[in-house]
Amino acid sequence: MPTPDQRGPRPLSDVLGELFALRGYGRLHAMVELQTAWDEAVGPAHRGRTRLGEVRRGALTVTVDHPALLEELSAYRKRELLQALRVACPDARIDDLRFRIGRV
């Protein structure tokens, strides 16, 4: 019976899975999916005026470039945006959106 550290042929799927995990490609792919879903949900008028941050404890941080836009998104569109992200990216497990003003 071969030992786990013995070299020899391994399935390519195992090798690629390890490589993706080591390099963080899975997380990068998830962020690209999330960005695409966000761009579609927020619409063309605002996609260039927002920047997604990271997801921590189920809350996605979104940076916006102007206080009026922050008010619009947080007070009037938050529920709609959150629902669109949940549908498009269910594995992201986003429970809340936190908006802040900053450079985009």
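Let me start with the interior: the largest nonpolar core has 19 residues, and among them Trp38, Leu60, Leu73, Leu81, Leu85, Leu97 and Phe99 are the ones that touch the most other members. Two or more residues each come from helix 2, strand 2 (59-64), helix 3 (67-76), helix 4 (78-88) and strand 3, and helix 2 gives the most to this core, with 5 residues. I should say at once that this is a predicted model, so that what follows is read as computed from a prediction.

To place those elements, the protein has 4 helices and 3 strands, and from the N terminus on they run α-α-β-β-α-α-β. Buried residues make up 26% of the 104 residues, while the accessible surface comes to about 7900 Å², of which 54% belongs to carbon and sulfur atoms. If we take the contacts in the protein with a separation of 6 or more, 57% of them are accounted for by residues 24 or more positions apart.

Now to Trp38, which appears in that list of core residues. Which residues is Trp38 in contact with, leaving aside its neighbours within four places in sequence? They are Thr50, Leu52, Val62, Leu73, Leu81, Leu85, Leu97 and Phe99. Trp38 has a relative accessibility of 0%, and because the cut-off for buried is under 20%, Trp38 counts as buried.

The last partner in that list, Phe99, brings me to the aromatic rings. A pair of aromatic rings is described by the distance of the centres and the angle of the planes. A search of the whole structure finds 1 aromatic pair, and here the rings of Trp38 and Phe99 have their centres 6.5 Å apart with their planes at 45°, so the pair is tilted, given that tilted covers the angles that are neither under 30 degrees nor over 60. This pair links distant parts of the chain, since Trp38 sits in helix 2 (residues 25-42) and Phe99 in strand 3 (residues 96-101), 61 residues apart. Phe99 also counts as buried, in its case at 15% relative accessibility.

Finally, a word on helix 3, where Leu73, one of the contacts of Trp38, is found. In helix 3, Leu69, Leu70 and Leu73 are buried. Where do these three lie around the axis of helix 3? They cover an arc of only 105°, and therefore they are on the same side of helix 3.

Conventions. Residues numbered from 1 in each chain as written. Predicted model: local features only at pLDDT ≥ 70, side-chain atom pairs only at ≥ 80, totals over all residues. Heavy atoms only, no water. Phe/Tyr/Trp six-rings, centres within 6.5 Å; stacked < 30°, edge-to-face > 60°. Buried < 20%, exposed > 50% of the residue type's maximum accessible area, 1.4 Å probe, protein only. Contact = heavy atoms within 4.5 Å. Areas by Shrake-Rupley, 256 points an atom, 1.4 Å probe, with all protein chains shown as cover. Core = buried A, V, L, I, M, F, W, Y, C linked by side-chain atoms within 4.5 Å. Arc of directions from axis to C-beta.
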